[in-house]
Every structure is written in C-alpha cells, then in structure tokens.
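Please examine the sequence and the model shown below before reading the report.

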Amino acid sequence: MQNLKSVLWSRKLWRDFRAWMLARVTLFFPVTIWKHWEPLVPTIPMCPFCDQTNVDLEHTCSHETMWPWILMDPLSVQELRAKVQHFGYIMRRVLDL
Ligand SMILES: [Zn+2]
C-alpha cells in the first residue's frame, strides 16, 4: 500500500482517520475525537438512523455500510479513504455535527 505520508488529505479526513483508527482498536464510539471532553462510549442512547435506543457501533454502522468491512484492513489507499470517509459520515450523524 502507498505510504500514507505522501497522501494529501484534508484536515477533516485526517480527523475521520483518527476516529476510524480509534474505533478499530476499541469498537467504541470515538466521541472524543470531536468532543475532547467526552469519553469513548460502547453505546449511544439513540440510533440516528432508526431511533432504536442503546445501540452499539456495529448496529449504527450496519445501516450505512457492511460490518465489519468498514473497520477491516484496507487493501489500498483508495479503499482506506472510502472507509474513513464513510465512517466519518456515520459518526457525524451519530454526534449530530
Ligand atoms: Zn439503527
């Protein structure tokens, strides 16, 4: 895979990348990436896509993408970018940003 140091991504995409990395390691919602005063959480009170209460990361991501594909190792920088962008979109819906 291409070296990430040579990739020109926006600040927004790098932030999404940090959130994606944190979610891969913890399987928690990486809330702290956007809201530094808030901890990582295993569940959120309500799903932004279906209004079900007390849902986990798998539930939320499964509405918009394939689980666990979204967090699995990418085979290329292009695939990484797609996953990171998609994950960022989902997390911004979750956090209502
Ligand atoms: Zn849902």
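The report takes up the basis of the model, then its helices, then its strands.

## Basis

Residues are numbered from 1 along each chain as its sequence is written. This is a predicted model, in which local features need pLDDT of at least 70 and side-chain atom pairs count only at pLDDT 80 or more, while totals for chains, interfaces and linings use all residues.

## Helix α1

Helices (DSSP runs of H or I, at least four residues) and strands (runs of E, at least two) are numbered from the N terminus. Helix α1 covers residues 11-26, and its end C-alpha atoms lie 23 Å apart, which agrees with the 22 Å expected for 16 residues at 1.5 Å a residue, the expected span being 1.5 Å times one less than the number of residues.

D16, F17, A19, W20 and A23 are the buried residues of α1 (20 or more other C-beta atoms within 10 Å of their own, against 12 or fewer for exposed residues, with C-beta atoms placed from the backbone). These residues cover an arc of only 165° around the axis, which puts them on the same side of α1; the arc is that of the directions from the helix axis to the C-beta atoms. The face turned away from that buried side carries the exposed residues R11 and V25.

## Helix α2

In α2, the buried residues are L57, T60 and C61. Seen down the axis, they fall within an arc of 90°, so they line one face of the helix.

## Strands β1 and β2

Strand β1 (residues 43-46) runs antiparallel to β2 and is joined to it by three bridges, where pairing requires at least two DSSP bridges. I44 stands opposite V55 in β2. The two strands form a hairpin with six residues between them, and D51 in the turn has a positive phi of about 70°.
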